[in-house]
Amino acid sequence: MGENGAGKNHLHNNQVFDLSIDVLPQGGSKCFDDDGRLKRTGTVWTASAHIITAVIGSGVLSLAWATAQLGWIAGPAVMFLFSFVTYYTSTLLAACYRSGDPVSGKRNYTYMDAVRSNLGGFKVNLCGWVQYLNLFGVAIGYTIASSISMMAIKRSNCFHASGGKNPCHINSNPYMIAFGIAEIIFSQIPDFDQLWWLSIVAAVMSFTYSTIGLGLGIAKVAETGKIRGSLTGISVGTVTQTQKIWRSFQALGDIAFAYSYSLILIEIQDTLKAPPSESKTMKKATLLSVGVTTLFYMLCGCMGYAAFGDLSPGNLLTGFGFYNPFWLLDIANAAIVIHLVGAYQVYCQPLFAFIEKTAAEKFPDSEFITKDIRIPIPGFRSYNLNLFRLAWRTIFVIITTLISMLLPFFNDIVGLLGALGFWPLTVYFPVEMYISQKKIPKWSTRWLCLQILSIACLIITIAAAAGSIAGIMLDLKSYKPFSTSY
């Protein structure tokens, strides 16, 4: 999950708790769309690219571990199930981009606008809280993941330099701090429309490391000549019966996290040109991108499990440890770090913009919040320095870095985030908005089917969250704050 480069044109100017502006329809002229904005140019291909960039994130690395908990039957089955649910609920959400008429109705520019115009009331605030807490959590998850990759590079080089004699235990804190410093610098870029290149770099990087992980998995299977793993997953004996249950639940959360992109679906749809209607284009793009992603996930998850069996690591690339070719692993880990630097910004920009907008509305007379100081940069445009932005974004990055140093267990946190974001944002709101928009009568067959889908996903979410919390409790027993080393 991770890198939308799509909503960047709109994320900063109508933020999430913001109302869509009703511009008088101009019937759409040559240069402008029906809402008076410049003509949108997005197609099925650009939307698919944005979704794939957003979805294939660091979640892909925990799939071999998740498959190992569930086994050869349930693992792939659960991946198919989640890909179907994600596809189906995304088509429901795509239908909510316009309120009223699907071709000429009022546009909703962000997820929150869609919730506001279809459901309204308390649910809008609920959606805001879930969305922003999820974004905050993603920032922490990404800080931990990037430090693990940086340490993997350092350890593999140290291991080779000592000829395998030195176990090379190192502390993760300096790497988290280095990542935090990089993010403080990047977070001073005022708006996301100035960072479109980051999405492209991130997409290339995510394909780079996923492909290396897949290739190494295939090579390892070829080298040992046997496919490891069992039909029911990790055997009781390697872990206890209760551990097996908790870990299976946690694997559900990991897989859910690997598919979630509904946070940014509406923003991606807002870049599409019409005709054909945006929801039709979006349905095609969703089918294409979820199909490609599922294929990729199946390959990475199953090849990783085939290579490692019960011992599949929580992060696929650190599991190959210090095997040759170590330079290839270094490239993959460096690609993850570069990808995560960009992904962190993509996910935090909506949160930054929302807080800054709220502060400007609350204190319109405060120079600290509203005044921009122009700093001329020779050879470039002048940079507008805003003191409030400088202070608040720096504090935000420091807080996420500190929490990461306190809680450095990547898998359980990924599972918990996946579980908490999955049901409300991917299932509940799209289903409720669709029922409200299409005026589906209560207790009709269609209404019942949608509610059964929603309740089934809620049960999965609760199980996955419980599994992750149990995992975190287990980690806390053997843990000292700020002193994690690998």
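These legends go with a few close-up views of the protein.

This is a predicted model, where local features need pLDDT of at least 70, side-chain atom pairs count only at pLDDT 80 or more, and totals for chains, interfaces and linings use all residues. Residues are numbered from 1 along each chain as its sequence is written, and side-chain values use heavy atoms, with hydrogens and water left out.

**View 1. The overall fold has 16 helices and four strands.** Helices (H or I, at least four residues) and strands (E, at least two) are DSSP runs, numbered from the N terminus. Of the 486 residues here, 56% are buried, meaning under 20% relative accessible area, with exposed being over 50% and partly exposed in between (1.4 Å probe, protein chains only).

**View 2. Thr67 sits in helix H3, which covers residues 63–94.** Is Thr67 buried or exposed? Thr67 counts as buried because its relative accessible area is just 1%. Skip the neighbours within four places in sequence, and Thr67 is in contact (heavy atoms within 4.5 Å) with Gly75, Met79, Gly301 and Tyr305.

**View 3. A patch of positive charge shows up on the surface, made by Lys280, Lys283, Lys284, Lys438 and Arg446.** Lys and Arg count as positive and Asp and Glu as negative, while His and the chain ends are not counted. Residues in a patch have over 30% relative accessible area and no salt bridge (a side-chain nitrogen of Lys or Arg within 4 Å of a carboxyl oxygen of Asp or Glu), and like charges are joined within 9 Å. Each charge is placed at NZ of Lys, CZ of Arg, CG of Asp or CD of Glu. Helix H10 (residues 278–308) gives the largest share of this patch, three residues.

**View 4. Lys280 is a residue of helix H10.** Lys280 counts as exposed because its relative accessible area is 55%.

Technical notes
Patches are made of residues with over 30% relative accessible area and no salt bridge: like charges are joined within 9 Å, nonpolar side chains (Val, Leu, Ile, Met, Phe, Trp, Tyr) within 5 Å. Accessible areas come from the Shrake-Rupley method with a 1.4 Å probe; for residues, only the protein chains shown count as cover.
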